[in-house]
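Here is a friendly walk through a two-chain model, written for someone who likes to know the cut-offs behind each term. Please keep the viewer open as you read.

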Amino acid sequence: MSDLHAHVVIIGAGHAGGTLAALLRQLGHTGQITLIGDEPIPPYQRPPLSKAWLKGEADAESLALRPLEFYEGANIDFRPNVRAQKLERAARKVLLSDGSELTYDALVLATGARAIALPIPGADLEGVLFLRTAADAEALKAAVGPGKRLAVVGGGYIGLEVAASGRALGAEVVVLERETRLLARVACETLSTFFRDYHEQHGVTFELGASVVGFEGMGGHITGVTLADGRTIACDAAVVGVGAHPNDELAADSGLETARGVVVDLEARTSDPHVFAIGDVAHRPMPIYGRMFRMESVPNALEQAKQAASAITGRAPPPGEVPWQWSDQYDLKLQIAGYAFDVDEIVVRGDPTSGKFAVFHLNGDQLQSVEAINSPPEFMMGRQLIGARKRIDKAKLADPAVSMKEVAA
Amino acid sequence: MAKITYIQFDGTENVVDVKTGLSIMEGAVKNNVPGIDADCGGACACATCHCYVDEAWLDKTGEKSAMEESMLDFAANVEPNSRLSCQIKVSDELDGLIVRLPESQY
């Protein structure tokens, strides 16, 4: 099925869906393209919401992937404020929340993920916030400022980025983390310790091993977070960053294969040849690790947009990628390449106290992932080494006096 | 506002008006000019917005930061006039700028 005249319906106008629509036109697709989004604005970048945007260094215009006029000019039918309710695959039809329906030749599910809410008392109080959408970010921005007390529930990347931005805006910030260390699910101990120290130096306080059991409020507004040990942490607002759940219900209800995410192949195609899934919602193969998983990152959204665009326009799929992501906190640039699967050895290159170092995760003498703090060479070369599946000389890798080019030679 | 010419690897030219204050990368992405991936959206974290600045414009596009230099050092097909287009801000001075794009951003 590679018909440049096909009607492509994209459900979800996030980074993945918006990029796919634009890519299809770049690749010469002349058929109808309909882009459905449940937010009021055209596709925008989410990463700055916790960073530059929150700090007031970016505005709505710079957040937008492309201006609204682009969609009309490119003959892309962008429909905001609408959700897909039901997928009838036999008839190749999608029913929308405004009562209308669309018939497709190719359907792309780019429905993303949603922030996980805590099922605890007080979760519906005003001031209990999330950070997923521009509207969420707007509410958070209004809640942080000089002297305001912000409780961050969850010491993951989102939580830490919000903490850093909150401090930059003059708020008092406390991070509450259930595990005994930060970034417990996604990073190694060296990095956890480094980030805790760095944030503490910038005035953030931490409660580790702290289980949040409720939110307290007065007059409908949050006044504090209750911990399992009985203490209450007073605050003016709380932001909950404890992970996301894929919006895969539309697919599952229509009988498509799902596994905490919509199962797809290397062309981003689901078990139905007319249906694709891309971005945060997709459970996809990652050949360099010989397994399938779901990723939540912009590079993943872009890669899968390329895969689907190639398949729909009848082109060869893009060459396999090494997944990567980044985080900015204070003056720290963290760049991560790969995932730390089956790791049996960790090599730290450089001195963490210098604020410039990299942590390499190996399986035998093969590099699986690298976490680089203010260290672009380690990230760039590490990413290439992960992709090349090459034998690594660990002694050279551990020695910052040996350049990364020599390590790779 | 400045007129920026993006020349694809295959010679195709895209000429677009880019607002002052945006980056050369944003000018391409917002106008759907192909050839610039810009995975990180301008955070100088990915080196997928690599371009070659026309020799005549090198003075006006300014100096590379240490971070940009360091990222470019490991990008593919780097030349002395290589830049990360997210790090060049558009000003009236750059009206007429010509940049060439590499065959691939990887």
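B:Cys51 stands opposite B:Arg83 in strand 4 of chain B. The two strands involved, strand 3 (residues 50–53) and strand 4 of chain B, pair in the antiparallel sense over three bridges. Strands here are DSSP runs of E with at least two residues, helices are DSSP runs of H or I with at least four, and both are numbered from the N terminus. Two strands pair if DSSP finds at least two bridges between them.

Before going further, a word on the source: this is a predicted model, in which local features need pLDDT of at least 70 and side-chain atom pairs count only at pLDDT 80 or more, while totals for chains, interfaces and linings use all residues. Residues are numbered from 1 along each chain as its sequence is written, and chains are lettered from A and ligands numbered from 1 in the order in which they are written.

**The two open sheets**

The chain B pair belongs to an open sheet of five strands with the order 2-1-5-3-4 and mixed pairing. Strand 2 (13–18) and strand 4 (82–84) of chain B stand at the edges with a single partner strand each, so one side of each has no neighbour in the sheet. On average, neighbouring strands of this sheet are turned by 35° against each other, direction ignored. For such angles, axes are lines fitted to C-alpha atoms (for helices over the stretch in contact), and values run from 0 to 180 degrees between N-to-C directions.

Chain A has an open sheet of five strands too, with the order 3-2-1-7-19 and parallel pairing. At its edges stand strand 3 and strand 19 (275–277) of chain A, each with a single partner strand, so one side of each is left without a neighbour in the sheet. Here the average turn between neighbouring strands is 15°, direction ignored.

Strand 2 (residues 33–36) of chain A pairs with strand 3 of chain A in the parallel sense over four bridges, and A:Ile33 has A:Ile76 as its bridge partner in strand 3. In a regular strand the side chains alternate between the two faces of the sheet. Strand 3 (residues 76–79) of chain A has A:Ile76 and A:Phe78 on a covered face, and A:Asp77 and A:Arg79 on an uncovered one.

**Helix 4 and the cores of chain A**

Which residues of helix 4 of chain A are buried? In helix 4 (residues 134–143), they are A:Ala137, A:Leu140 and A:Ala143. They cover an arc of only 120° around the axis, which puts them on the same side of the helix; the arc is that of the directions from the helix axis to the C-beta atoms. A:Ala135 and A:Ala142 are exposed on the other side of helix 4 of chain A. A residue is buried if 20 or more other C-beta atoms lie within 10 Å of its own, exposed if 12 or fewer, and partly exposed in between, with C-beta atoms placed from the backbone. The buried residues of helix 4 pack against strand 9 (128–129) and strand 16 (237–240) of chain A.

A nonpolar core is a set of buried Ala, Val, Leu, Ile, Met, Phe, Trp, Tyr and Cys residues joined through C-beta atoms within 7 Å. The largest nonpolar core has 101 residues, of which A:Val152, A:Ala238 and A:Val239 touch the most other members. Helix 5 (residues 157–168) of chain A gives the most to this core, with six residues. A second, separate core of 49 residues includes A:Ala84 and A:Ala305.

**Three loop residues**

| Residue | Loop | C-beta neighbours inside 10 Å | Class |
|---|---|---|---|
| A:Gly241 | strand 16 to strand 17 (244–246), chain A | 25 | buried |
| A:Asn374 | strand 26 (366–373) to helix 9, chain A | 19 | partly exposed |
| B:Cys44 | helix 1 (24–30) to strand 3, chain B | 19 | partly exposed |

Phi of A:Asn374 is near 45°, a positive value in a residue other than glycine. B:Cys44, also not a glycine, has a positive phi of about 55°. As for A:Gly241, its C-alpha lies 8.5 Å from that of A:Tyr157, although the two are 84 residues apart in sequence.

**Where the chains meet**

Contact means that the C-beta atoms of two residues, placed from the backbone, lie within 7 Å. By that rule, 20 residues of chain A are in contact with 16 residues of chain B. Helix 9 (376–388) of chain A is among the elements that give two or more residues to the chain A side, and helix 9 gives the most, with four residues.
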